[in-house]
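User: Please take a close look at one part of this protein, its charged side chains. I am a first-year student, so explain each term when it comes up.

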Amino acid sequence: MKRPVDRQVLGEVRNFYAAGLNFRAHIAWANAHHGTSFKIPEQADIGYRSPNALIASGEAIVIPKDAPGPLEYEGELVAVIGRKAKNLSESEALGCVAGYTLGNDVSERSWQRSDRTLWRAKNSDTFKPMGPYIVDDIDPMAQTIEVRINGRSVSSYSTSGMLFGVAHYIARMSRYLTLHPGDVIWFGCDGATVPVLRPGDLVEVVNEAIGILANRVAAAAP
């Protein structure tokens, strides 16, 4: 199966989950670059995002007028849930997945430091590009995710480096949360997330099997 991620698919997203701090090198980079003090998590942790932020490939990432910056990308693997699931074991977990796609977890870092719930930093309109296709025949733990800015490769990592794997996350979540068709789970990124994004930049999140999620950055209209 290879299904385009269009407005219909985005409108079907019921719950939007995001893995927290799931790659060791990204944690080390964030602490050194942004002055944070994140520790390696002892267990898989899940955050929430808002579907209002979702856009498809080809749509613009719009920087709010009062955003002080920096604005940074995070290229991620995304699981799309295909059937209702509860109390799954790790061996059963991937069976509820309809397929996988790509996400760009755009983040306003100043707001990320100041807003306790990350409500603006992670959830502003257009901050969550997703696509371009959902594919169902890949190993989620053996994918290379690359990010290009204006055609130049700025990041590349393997999903095999996750601290907690896709099956582990889904099984742990299903102990407490009923997963529903259309739910999406984003699995974090590895390494640095610079250079910062500026109006006019073309951001591409690339995977050989899934394709290229491409979005242009734009300033909000005055």
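Analyst: The answer below begins with the whole chain, goes on to the charged side chains, and ends with two other places.

This is a predicted model, in which local features need pLDDT of at least 70 and side-chain atom pairs count only at pLDDT 80 or more, while totals for chains, interfaces and linings use all residues. Residues are numbered from 1 along each chain as its sequence is written, and side-chain values use heavy atoms, with hydrogens and water left out.

The protein chain contains five helices and 15 strands; these are DSSP runs, numbered from the N terminus, with helices being H or I of at least four residues and strands E of at least two. Its radius of gyration, taken over C-alpha atoms, is 16 Å, which agrees with the value near 17 Å for a compact globule of 222 residues (the globule rule is 2.2 Å times the number of residues to the power 0.38). Along the principal axes, the C-alpha atoms fill a box of roughly 50 × 40 × 30 Å. Of the 222 residues, 52% are buried, where buried means under 20% relative accessible area, exposed over 50%, and partly exposed in between (1.4 Å probe, protein chains only).

Now to the charges. The chain has 23 positive and 24 negative side chains, and the centres of the two sets lie 5 Å apart. Here Lys and Arg count as positive and Asp and Glu as negative, while His and the chain ends are not counted. Each charge is placed at NZ of Lys, CZ of Arg, CG of Asp or CD of Glu.

Side chains of opposite charge can pair when their charged atoms come close. The pairing is called a salt bridge when a side-chain nitrogen of Lys or Arg is within 4 Å of a carboxyl oxygen of Asp or Glu. By this rule there are nine salt bridges.

One of them joins Glu59 and Arg7, with the closest N and O atoms 3.1 Å apart. Glu59 is in the loop between β4 (54-55) and β5 (61-63) and Arg7 is in helix α1 (residues 7-11), so the pair ties together parts 52 residues apart in sequence. Glu59 is partly exposed, because its relative accessibility is 27%.

Another salt bridge joins Glu72 and Arg109, at 2.7 Å from N to O. This pair also links distant parts of the chain, as Glu72 is in strand β6 (residues 71-72) and Arg109 is in helix α4 (residues 109-114), 37 residues apart. Both Glu72 and Arg109 are buried. They belong to a network of salt bridges that also links Glu74, Asp105, Lys122 and Lys128.

Arg120 and Asp115 form a further salt bridge, their closest N and O atoms being 2.8 Å apart. Arg120 is partly exposed at 22%, whereas Asp115, at 11%, is buried.

A charged residue also appears in helix α5: Arg172 is among its buried residues, as are Tyr169 and Met173. Eight of the 11 residues of α5 (residues 166-176) are buried, so the helix is largely enclosed by the rest of the structure. Its buried residues pack against elements including β7 (75-81) and β8 (97-104).

In contrast, Pro222, in the segment after β15 (211-219), is exposed at 100% relative accessibility.

Definitions and conventions. Contact = heavy atoms within 4.5 Å.
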